[in-house]
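Trainee: Please take one part of this model and go through it closely. I would like the salt bridges and their surroundings.

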Amino acid sequence: MIDEDDVLFARALRDKGTPMPDIVKKLTIKTGKNTGQHPSVASLYRALADNDA
């Protein structure tokens, strides 16, 4: 699960032109069964799209 703070951070990096794979490496999942792992690029795209809508 990508939290709201991570979405805001990812959006700021995306707006600066940082590639999505590099953004994913800077994020860490904080809750759930995948705690401590990086989210997938697809999950990040979905979280940004859901948040933009």
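Mentor: What follows is a close look at the salt bridges, then at the parts around them.

This is a predicted model, in which local features need pLDDT of at least 70, side-chain atom pairs count only at pLDDT 80 or more, and totals for chains, interfaces and linings use all residues. Residues are numbered from 1 along each chain as its sequence is written, and side-chain values use heavy atoms, with hydrogens and water left out.

Confidence comes first. pLDDT is the predictor's confidence in each residue, from 0 to 100. The protein chain has a mean pLDDT of 92. Of its residues, 98% reach 70 or more. Among the elements, α2 has the highest mean, 96. The lowest belongs to α3, at 89. Helices are DSSP runs of H or I, at least four residues, numbered from the N terminus. Where pLDDT is low, predicted coordinates should not be read in detail.

Now the salt bridges. The term means a side-chain nitrogen of Lys or Arg within 4 Å of a carboxyl oxygen of Asp or Glu. By this rule there are two. Side chains of opposite charge can pair when their charged atoms come close.

Take D3 and K30. Their side chains form a salt bridge at 3.7 Å, N to O. D3 sits in the segment before α1 (4-15). K30 is in the loop between α2 (20-26) and α3 (41-52). The pair links distant parts of the chain, 27 residues apart. D3 is partly exposed, with a relative accessible area of 28%. The classes are set with a 1.4 Å probe on protein chains only: buried is under 20% relative accessible area, exposed is over 50%, and partly exposed lies in between.

D6 also pairs with K30. Here the closest N and O atoms are 3.0 Å apart. D6 lies in helix α1 and K30 in the loop between α2 and α3, so this salt bridge ties together parts 24 residues apart in sequence. D6 counts as buried because its relative accessible area is 10%. Through shared partners, the salt bridges join D3, D6 and K30 into one network.

D6 has further neighbours. Leaving aside those within four places in sequence, D6 is in contact (heavy atoms within 4.5 Å) with L27, T28 and K30.

The loop between α2 and α3 holds other residues to check. H38 is one of them. At 45% relative accessibility, H38 is partly exposed. Beyond four places in sequence, H38 contacts V24, K25, L27, T28 and I29. The C-alpha atoms of H38 and I2 are 9.6 Å apart, although 36 residues separate them along the chain. K33 lies in this loop too. At 81% relative accessibility, K33 is exposed. Its C-alpha atom is 20 Å from that of Y45, twelve residues away along the chain.

Finally, the helix that carries D6. α1 packs against α3 at about 95°, with axes 10 Å apart. Axes are lines fitted to C-alpha atoms, for helices over the stretch in contact, and angles run from 0 to 180 degrees between N-to-C directions. The two helices are therefore roughly perpendicular, a class that covers 65 to 115 degrees. From α1, the contact uses E4, V7, A10, R11 and R14. From α3, it uses L44, A47, L48, N51 and D52. By class, that gives five nonpolar, one polar and four charged residues. Nonpolar covers Ala, Val, Leu, Ile, Met, Phe, Trp, Tyr, Cys and Pro; charged covers Asp, Glu, Lys and Arg; the others, Gly among them, are polar.

Conventions. Angles under 35 degrees count as roughly parallel, over 145 as roughly antiparallel, 65 to 115 as roughly perpendicular and the rest as oblique.
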